[in-house]
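Q: Please take one part of this structure and walk me through it slowly, as I'm new to this. I'd like to hear how the pieces of a single chain fit together, and then what that chain touches.

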Amino acid sequence: MDTELDVSFTVNGETLTRRIAVRQNLVDFLREELGLTGTHVGCEHGACGACTVRIDGEIVRGCLLLAVQADGRRVETIEGVSQSGEIADLQDAFHKRNALQCGFCTPAMLLTAQDLMQKNPNASREEIREHLSGNYCRCTGYQAIIDAVQSTLAARSPRGVSQS
Amino acid sequence: MKAPPFAYVRARELPAVFALLDRHGDTARILAGGQSLMPMLNMRVTQPGVTIDITRLPGLAGIELKNGNIHIGALATHAAIGASPVIRQHLPLLADAAAHIAHPAIRNRGTFGGSLALADPAAEWPACCVALDAQLVLASSAGTRRIAARDFFQGLYTTALQSHEVLSEVVIPVPAAGTRHAFIELARRRGDYAIVGVAALARSQQGKLCQLRLAYLGAGETPVLAEKTSQAFDLIDTFEKALTQAQSTLASELAPAADLYHSAATKLHLARVITARALKQLVQLAQPAA
């Protein structure tokens, strides 16, 4: 039984080995130990979605996972996903369509939208709403966010066809 | 807030979990998907002496058809159940219900066994398991025992699971051919906690419904199997008469508690509304296509 644990996992492709207090959740570890403050802390009980990160390619709530549970896993945050260029088009669309105001929800909104676009490239407006339903935005009223995701999906679609 | 200090063990096999539970009893908490335990830790609603992480136990996340039963491992996630072809084919009620559970990021972590063991009265899986007459397998150092879902749920967040036991899997008989289902839930926003919901099953014989089972969530301290209501829905009469009979019987079986936004009377009214929707869906499905 431990209150601290030695763990090793990758964050945005970089392997790290640390001793971590078991009670620390993943989002606090990312922000406070690694300085990756793009992942935000909102409600700390899974309601707001601001802490969304990817573990082994799947989106999860960073506040509902102990950092030590990431041992051996592949963690990706908004810093990694934006620096790789993976969501550059989506970020552009958010910018162009005013899909953010204060920006607090935006990193998680981008990761959640990207998750939908990878899984369901033909998502309808209703399916976009449904997939983003766990991410709160208190500024935009959501319409512009849905617009941005929808237009990015449309722009990606012919490119995907021509490549395949 | 932040979680209080606690000790943590990452279990590698079930006997190790049993040993810890035998030693620590009520002060131990099992961490599965963590989508309810983690908020409770963060809000300091619970302060376990030791948290036993079972997420890496092998062999507990399967979804399999064996001898006419579907076996769902306790660690199967909501997302895995929602995406499973086996579930879609044999237990479509669960596939439909999965979409109502919170949001994608939570469905990726939250587990079937965790939801059942927590026994939130507004949760989807407990009501589905009662409707489907599921058997829950409870494992401990003394061996395993099975208990029917309707006996497992005993009160608000209270189950038959004892402090030395782990819910390891759920065995659900595949419904007979011709079984129809409906899962209807009302929530204020997509993915919110249910105001009230119903898991409904019935067999269709010559275009008529029989063996109706209605299990409600958000309508009492446990999932409620409304047997009198099911019996009151007698299609010797017209659909409307049968429905009225069923709806008026519902008050004798459901005891919904008021929440922040809905009085008990509103919830009972809404339970009647979704009963009508579920029965219409079942009857329409039972009609041969023109």
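A: Let's start with a term: buried area is the accessible area, found with a 1.4 Å probe, that two parts lose on being put together, summed over both. What you see is a predicted model, where local features need pLDDT of at least 70, side-chain atom pairs count only at pLDDT 80 or more, and totals for chains, interfaces and linings use all residues. Residues are numbered from 1 along each chain as its sequence is written, chains are lettered from A and ligands numbered from 1 in the order in which they are written, and side-chain values use heavy atoms, with hydrogens and water left out.

Our part is chain A. Its domain assignment has domain 1 at 4–78 and domain 2 at 85–159; such bounds come from an automatic or database assignment. If you take the centres over C-alpha atoms, domain 1 of chain A sits 22 Å from domain 2 of chain A. These two domains bury about 1,300 Å² between them, and 57% of that area is on carbon and sulfur atoms. On the domain 1 side of chain A, Arg54(A), Ile59(A) and Ile78(A) lose the most area to domain 2, and together they make up 40% of what that side buries.

Now count who touches whom. With contact meaning heavy atoms within 4.5 Å, 16 residues of domain 1 of chain A meet 17 residues of domain 2 of chain A. A salt bridge is a side-chain nitrogen of Lys or Arg within 4 Å of a carboxyl oxygen of Asp or Glu, and the rule finds two of them across this interface between the domains of chain A. Have a look at Glu58(A) and Lys119(A): they form a salt bridge in which the closest N and O atoms are 2.8 Å apart.

Which strands of domain 1 help out here? Strands β3 (52–55) and β4 (58–61) of chain A each supply at least two residues of the side that touches domain 2 of chain A. (Strands here are DSSP runs of E, at least two residues, and helices are runs of H or I, at least four, numbered from the N terminus.) Sorted by class, that side of domain 1 of chain A has seven nonpolar, six polar and three charged residues. For the sorting, Ala, Val, Leu, Ile, Met, Phe, Trp, Tyr, Cys and Pro count as nonpolar, Asp, Glu, Lys and Arg as charged, and the others, Gly among them, as polar.

Next, zoom in on helix α1 of chain A, residues 26–33. Its buried residues (under 20% relative accessible area; exposed is over 50%, partly exposed in between, with a 1.4 Å probe and protein chains only) are Leu26(A), Val27(A), Asp28(A), Phe29(A) and Leu30(A). What covers them? The cover includes β1 (4–11), β2 (14–21), β3 (52–55) and β5 (74–76) of chain A, so β3 of chain A turns up again. After α1(A) comes Gly35(A), with a positive phi near 70°.

Two other spots in chain A have a positive phi as well, and neither is a glycine. Most residues other than glycine have a negative phi. Asn98(A) has a phi near 55°, and you'll find Asn98(A) in the loop between α3 (88–96) and α4 (106–119) of chain A. Asn98(A) counts as exposed because its relative accessibility is 58%. Tyr142(A) has a phi of about 75° and lies in the loop between α5 (125–131) and α6 (143–163) of chain A. Tyr142(A) has a relative accessible area of 23%, so it is partly exposed.

Finally, step outside chain A. Here 30 of its residues are in contact with 35 residues of chain B. The two chains bury about 2,800 Å² between them, 54% of it on carbon and sulfur atoms. Four salt bridges are counted between chain B and chain A. In one of them, the side chain of Asp71(A) meets that of Arg10(B), at 3.1 Å from N to O. On the chain B side, β1 (7–10), α1 (14–24), α2 (37–42), β3 (50–53) and α6 (104–107) each supply at least two residues that touch chain A. The largest share of that side, four residues, comes from β1(B). By class, the side of chain B that touches chain A has 17 nonpolar, eight polar and ten charged residues.
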